[in-house]
Amino acid sequence: LMMTVAVLALGATASMAQTVGFSQIGSESGWRAAETTLTKQQAEERGIDLKFSDAQQKQENQIAAIRSFIAQGVDAILLAPVVATGWDSVLQEAHEAEIPVVLLDRSVDSDKALYLTAVGSDLVHEGAVAGQWLVDTVAGNDCRVVELQGTTGSSPAIDRKAGFESAIEGHDNIEIVRSQTGDFTRAQGKEVMESFLQAENGGKDICALYAHNDDMAVGAIQAIKEAGLKPGEDILVVSIDAVPDIFQAMAAGEANATVELTPNMAGPAFDALKAYMEDGAEPAKFIQTESKLYTQADDPAGEYERRKDLGY
Ligand code: AHR
């Protein structure tokens with residue numbers, strides 16, 4: 001006790017978080033499920049007691065989970081925010097309770113002082129990488145694009161749209177003719193693609209599909225096949241995440257390109273928390289992960305094999 005008192009008197013910082021609350025969005029996609037698995041694994045490897053809460057896509061459930069974490073006195077909170085707005089009050093409450101919050105994979109429009117750091121990719125850049133791939137691939141030929149957006153109001157839906165649009169800007173041969181949300185799910189990706197195909201001459205007037213995630217692309221690929229067209233040839237398919245299933249589709253020639261988003265957001269998040277809590281090291285406000293483009297030329301069968309046991 002004497003030693004503890006002496007250490008505290010010297011102003012030493014607390015030790016690494018022992019209990020961390022994780023408010024997860026849900027399990028809308030293969031990528032999301034992998035992020036959950038890896039977060040649990042990373043916590044276990046580090047001896048962290050992870051309190052996991054699945055919000056089933058509802059912000060109100062996430063807010064309730066955070067309030068419950070605060071009431072339980074957790075050492076830190078991980079938050080994957082379903083939408084970008086509406087977090088000010090609950091983040092303020094965590095801030096007042098001196099519980100550091102780390103955002104995972106999506107951003108919020110709140111004051112940056114209300115969270116410790118955010119781990120994620122540059123979501124605008126991801127969209128731009130996908131758009132640039134299409135610009136290069138169609139090489140000046142006319143291309144009518146349909147777009148499957150992610151969850152309305154989520155930062156990846158907003159930013160991936162903006163990034164793609166910026167890449168095709170000034171290329172008058174490329175036009176987004178239809179754009180609708182598929183909520184990041186396979187089922188809705190398929191359903192919305194069916195309506196796109198119907199509205200576009202059975203799909204004959206569509207040159208490419210841009211999906212904000214691979215799961216929606218996989219659903220849409222099914223719809224394209226059922227319409228009697230060849231995905232990957234009659235309709236080019238570009239999406240984001242790099243989950244095993246899209247590599248399988250790429251290996252079969254049914255998808256063309258994907259932009260990788262690592263599901264291991266928790267590793268860098270726990271590292272930042274440890275450095276902050278043990279040494280008082282203030283992390284950068286944004287810890288950026290890579291956004292690598294994969295095409296059919298990048299050994300999709302091998303990429304599938306390499307990923308299929310990595311938490312997906
Ligand atoms: O926030 C990241 C996105 O959320 C992933 O790209 C998508 O699959 C998930 O649902």
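Helices (H or I, at least four residues) and strands (E, at least two) are DSSP runs, numbered from the N terminus. The model is predicted: local features need pLDDT of at least 70, side-chain atom pairs count only at pLDDT 80 or more, and totals for chains, interfaces and linings use all residues. Residue numbers start from 1 along each chain as its sequence is written.

K274 lies in helix α10, which covers residues 266–279. K274 counts as partly exposed because 17 C-beta neighbours fall inside 10 Å. Burial is judged from C-beta atoms placed from the backbone: a residue is buried if 20 or more others lie within 10 Å of its own, exposed if 12 or fewer, and partly exposed in between. In sequence, K274 and V243 are 31 residues apart. Their C-alpha atoms are 29 Å apart in space.

The protein as a whole has eleven helices and twelve strands. Its C-alpha trace spans about 80 × 40 × 30 Å along the principal axes. The radius of gyration is 21 Å, which agrees with the value near 20 Å for a compact globule of 312 residues. This radius is taken over C-alpha atoms, and the globule rule is 2.2 Å times the number of residues to the power 0.38. Of the 312 residues, 51% count as buried. Contacts (C-beta atoms, placed from the backbone, within 7 Å) were examined for residues at least 6 apart in sequence; 76% of these join residues at least 24 apart.

An unreviewed UniProt entry places the feature "domain: Periplasmic binding protein" at residues 21–276. UniProt positions follow the numbering used here, feature names are shortened, and annotations may be inferred rather than shown by experiment. The span 21–276 is 45% helix and 20% strand. Its end C-alpha atoms lie 17 Å apart.

The ligand has 13 residues around it. A residue is near a molecule if its C-beta atom, placed from the backbone, lies within 6 Å of it. S29, W31, D105, F184 and N213 come nearest. The shell holds five nonpolar, two polar and six charged residues. Here Ala, Val, Leu, Ile, Met, Phe, Trp, Tyr, Cys and Pro count as nonpolar, Asp, Glu, Lys and Arg as charged, and the others, Gly among them, as polar. Helix α2 (30–45) and strand β9 (236–241) each supply at least two shell residues.

Strand β9 runs parallel to β10, and four bridges join them. Strands pair if DSSP finds at least two bridges between them. S239 stands opposite T258 in β10. Strand β10 covers residues 257–260. A257 and V259 point one way from β10, T258 and E260 the other, and all are buried.

Key:
Contact = placed C-beta atoms within 7 Å.
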